[in-house]
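Hi there,

Here is the structure I promised to pass on to you. Have a look at it first, and then read my notes underneath.

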Amino acid sequence: MKSCHDEGADVKGDETNIIALVGNPNTGKSVVFHKLTGIYTTVSNYPGTTLNITTGKYKEHTIVDTPGVYGISSISTEERITTEIVLKASGVVNIVNAACLERELFLTLQLIDMGLPTVVVLNFMDEAEKQGLLIDVKALSSQLGVRVIPTVAVTGSGIADLKTSLAHIESSSLPVFGYERGMDIDAERLLVLHSIKNRAEHILALEGDGEVGVKYSLNTKISPDKVYTQRRKRVNAIIRTVVTENPKKRTFKKKLASLMVHPVFGFFFLAAILYIAYLVVGVFVAQTVVNFTEKTIMQGYYVPYIKEMVGFFDLPVWLYTLFAGEFGILTMTLTYIVGILLPLVVSFYILLSLLEDSGYLPRLAFLVDKTLTRFGLNGKAVIPLMLGFGCVTMATITTRMLDTKREKDIASTLLNFAIPCSAQLAVITALIATAGGYFTLVYVSIIFACFVILGTVLHKVLPGHSSSLVLSLPSLQLPRIKNIIMKTFVRTKYFLLEAGIWFLIGAVIMSVFQLTGTLELLKDLISPIVVNWMGLPKEAATAYVMGIVRRDFGAAGFYNMALPSLQLLVALVSITLFVPCIAAIMILYKERGAKIATAIWVGTIVTAFLIGGLIFKIGVVLNVL
Amino acid sequence: MLLTHAKEQQELQIIAIKDNTLKTHLLKLGLGEGDVVRILGKIVCGPMLLECKSQEIALGMENIACIEVNAIHEELS
Ligand SMILES: Nc1nc2c(ncn2[C@@H]2O[C@H](COP(=O)(O)OP(=O)(O)OP(=O)(O)O)[C@@H](O)[C@H]2O)c(=O)[nH]1
Ligand SMILES: [Mg+2]
């Protein structure tokens with residue numbers, strides 16, 4: 001299996017037998033991919049979940065899951081990736097949403113026009129039926145000239161049929177549609193167009209595709225309007241003959257959907273969701289569950305037992321320190337990961353998956369679009385920003401779904417500065433829980449203010465233009481338990497591996513620093529900032545040294561310090577704004593380049609200490625907390 | 001009139017999409033000149049939510065300002 005974070009459509013394996021799963025965003029490609037190959041890639045109910053290719057095997061075929069696109073061209077990164085795969089593939093499985101055929105068949109006709117061997121998977125048949133849409137599958141198949149297979153991918157219905165069709169995917173039996181007739185193309189260009197023997201490239205050239213244009217030196221720009229409009233008309237004509245509507249009333253779903261996007265009640269709804277999330281994660285898991293896992297299990301039984309066991313071997317001091325000391329691999333690392341982080345991170349992932357699968361996030365995108373335009377973003381950016389609360393590293397990759405480089409730069413910066421990831425939030429929630437609701441409000445307000453100021457400044461100073469919102473909303477649906485469990489499992493596994501390795505490295509470094517006296521030296525070095533400027537005890541310096549590896553590791557460093565309220569606030573705000581974890585920085589380098597990644601890394605250190613100190617000074621002057 | 005001035009629940013026919021990039025993007029999504037849309041939601045000086053055939057499309061303020069429409073019920077009355 002290959003699931004890459006790199007941009008590009010690099011398929012390894014049998015290049016002659018590639019079957020590409022292609023379709024509009026959110027049509028169930030990744031579900032079908034899972035059914036065919038047994039490999040799980042993230043499935044969510046918003047457009048733009050898959051942003052790169054994943055490959056797997058079904059019999060002799062190499063199956064490729066691609067990012068959802070509305071058309072084949074080289075305009076956006078996703079379209080470029082999908083186009084590259086489609087041109088390489090020996091067959092295309094075009095997955096369409098049966099409940100939304102007007103939108104979906106545009107791409108289908110384009111694939112057929114390009115002469116690609118295609119089979120159409122008419123997915124979401126359950127949804128079409130619920131909406132009272134009757135689709136004449138046979139008529140659709142004969143109008144398209146290719147096989148059409150009705151499916152409900154989530155239940156597996158129709159997948160067996162698809163599997164048997166994979167071996168003989170054919171190009172449309174219909175004659176090639178002559179778009180040139182309705183177009184005003186000069187003789188010189190027509191000559192070049194006719195010299196393009198590859199039918200797929202010929203169509204793309206006719207649509208004015210940039211990359212094909214460059215390849216064949218078609219110097220003048222052709223607008224795709226003419227071809228697109230003709231194709232749109234063809235789609236409408238097909239719909240008229242194959243779809244019969246018998247609209248059913250679905251009042252509850254409709255009412256709920258309109259409540260979510262209401263300019264007033266929509267925000268109440270959002271507040272209710274956040275409050276429930278706080279009650280579940282911040283109160284129940286952070287207090288009751290973590291108290292049990294950290295205090296009762298880890299500190300009460302596990303750590304004393306491990307210390308005794310390791311002590312039993314009569315190891316030299318340095319080795320004992322490495323395994324069972326203050327920063328020991330078996331003591332501190334496992335306590336942090338299993339006792340504190342795991343229960344909180346899992347609960348975060350579950351909540352996030354519920355939001356992703358319900359179809360709420362695209363509605364939230366509509367609701368906050370106006371606000372986000374003030375930061376040079378549009379509503380769509382709320383998806384990576386929300387996912388950042390799960391994992392900032394993953395969310396930085398998700399910024400690819402945004403339309404311009406400027407938006408990707410702004411969203412990545414905001415994510416890495418002011419969005420605490422689930423692991424970090426987990427420790428923060430557990431620490432804040434004891435300080436009460438007022439304290440939480442102050443903390444949230446400060447981080448939010450930082451987010452707003454940073455967003456506004458970036459919008460003002462960054463050159464270029466941001467795009468305006470265009471987003472097709474999926475219908476609301478009840479999240480599927482199986483998918484929630486699967487997604488949470490995959491994410492938790494990634495978290496445990498990623499955090500485990502870095503915590504281990506961090507614990508070793510800290511133990512070495514402690515044994516060699518480097519830790520004291522570092523503490524002395526940054527104590528003017530930590531002690532004099534931020535009013536924290538010298539011990540707190542350790543947390544920032546640990547935070548260089550991972551912010552949650554740093555935050556966990558405050559866990560047993562019993563800081564008074566003002567100091568706790570300073571500590572939590574500064575560690576929230578502190579450097580992104582090493583994995584996030586590496587992704588940032590790859591996605592946004594060295595200049596931006598370095599600027600963010602240095603910027604976060606300066607901001608964290610600056611804001612931390614300011615809060616302390618203001619707190620002392622006002623005598624609050 | 002411009003789509004910007006449309007009211008919630010109003011039914012409108014798209015007359016012209018003045019921005020070419022937006023026009024091609026919307027054509028791919030199934031929305032073109034001549035199509036009928038209904039305003040499902042609107043945020044003042046913000047985005048609009050349109051219902052077109054069987055789908056809902058959210059459009060930002062800048063995009064709305066590029067779309068010229070005719071109100072359908074006004075034409076009928
Ligand atoms: N009701 C219903 N839901 C489906 C069906 N197939 C997929 N889904 C749901 O549709 C949503 C999108 O599924 P994905 O597999 O992530 O879609 P995708 O095409 O890979 O989406 P992108 O990666 O964003 O392009 C998920 O919530 C699925 O559970 C189906 O046949 N019926
Ligand atoms: Mg997908």
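Below is what I found, starting with the metal and the ligand and moving on to a hairpin and a serine.

Please keep in mind that this is a predicted model.

**The magnesium ion**

Two side chains of the protein act as donors to the magnesium ion (ligand 2): A:Ser30 through OG and A:Thr50 through OG1, at 2.0 to 2.1 Å. The two come from distant parts of the chain, being 20 residues apart. A:Ser30 belongs to helix 1 (residues 29–37) of chain A, while A:Thr50 sits in the loop between helix 1 and strand 3 (54–58) of that chain. Are these donors buried or exposed? A:Ser30 counts as buried because its relative accessibility is 9%, under the 20% cut-off. A:Thr50, at 15%, falls under that cut-off too, so it is also buried.

**Ligand 1**

Around ligand 1 you will find 24 residues, and the closest are A:Lys29, A:Thr49, A:Thr50, A:Asp126 and A:Gln477. A:Thr50 therefore turns up in both places: it is a donor to the magnesium ion and one of the closest residues to ligand 1, and its 15% relative accessibility makes it buried. By type, the shell holds nine nonpolar, 12 polar and three charged residues. Helix 1 of chain A gives the largest share of it, with three residues.

Some polar atoms to look at in your viewer:

- A:Gln477 has a side-chain N or O atom 2.8 Å from an oxygen atom of ligand 1.
- A:Thr49 places a backbone N or O atom 2.8 Å from a ligand 1 oxygen.
- A:Val31 has a polar backbone atom 3.0 Å from an oxygen of ligand 1.

Ligand 1 would expose 660 Å² if taken alone, and the protein buries 98% of that.

**The hairpin**

Strand 3 of chain A runs antiparallel to strand 4 (residues 61–65) of chain A, and five bridges join them. Together they form a hairpin with two residues between the strands. In the turn, A:Lys59 has a positive phi of about 50°. Across the pair, A:Lys57 stands opposite A:Thr62 of strand 4. Strand 3 is mostly covered, with four of its five residues buried.

**A serine with two partners**

A:Ser472 lies in strand 10 (residues 470–473) of chain A. This serine counts as buried because its relative accessibility is 4%, against a cut-off of 20%. Which side chains does the side chain of A:Ser472 make polar contacts with? One is that of A:Arg103, at 2.6 Å, and another is that of B:Gln55, in chain B, at 3.0 Å.

Best wishes

Technical notes: Residues numbered from 1 in each chain as written. Chains lettered and ligands numbered in written order. Predicted model: local features only at pLDDT ≥ 70, side-chain atom pairs only at ≥ 80, totals over all residues. Heavy atoms only, no water. Donors = N, O, S within 2.8 Å, 3.2 Å for Na, K, Ca; no water. Buried < 20%, exposed > 50% of the residue type's maximum accessible area, 1.4 Å probe, protein only. Near = heavy atom within 4 Å. Polar contact = N/O pair within 3.5 Å; in protein donor to acceptor, adjacent residues only side chain to side chain. Areas by Shrake-Rupley, 256 points an atom, 1.4 Å probe, with all protein chains shown as cover. Nonpolar A, V, L, I, M, F, W, Y, C, P; charged D, E, K, R; others polar. Pairing = 2+ DSSP bridges.
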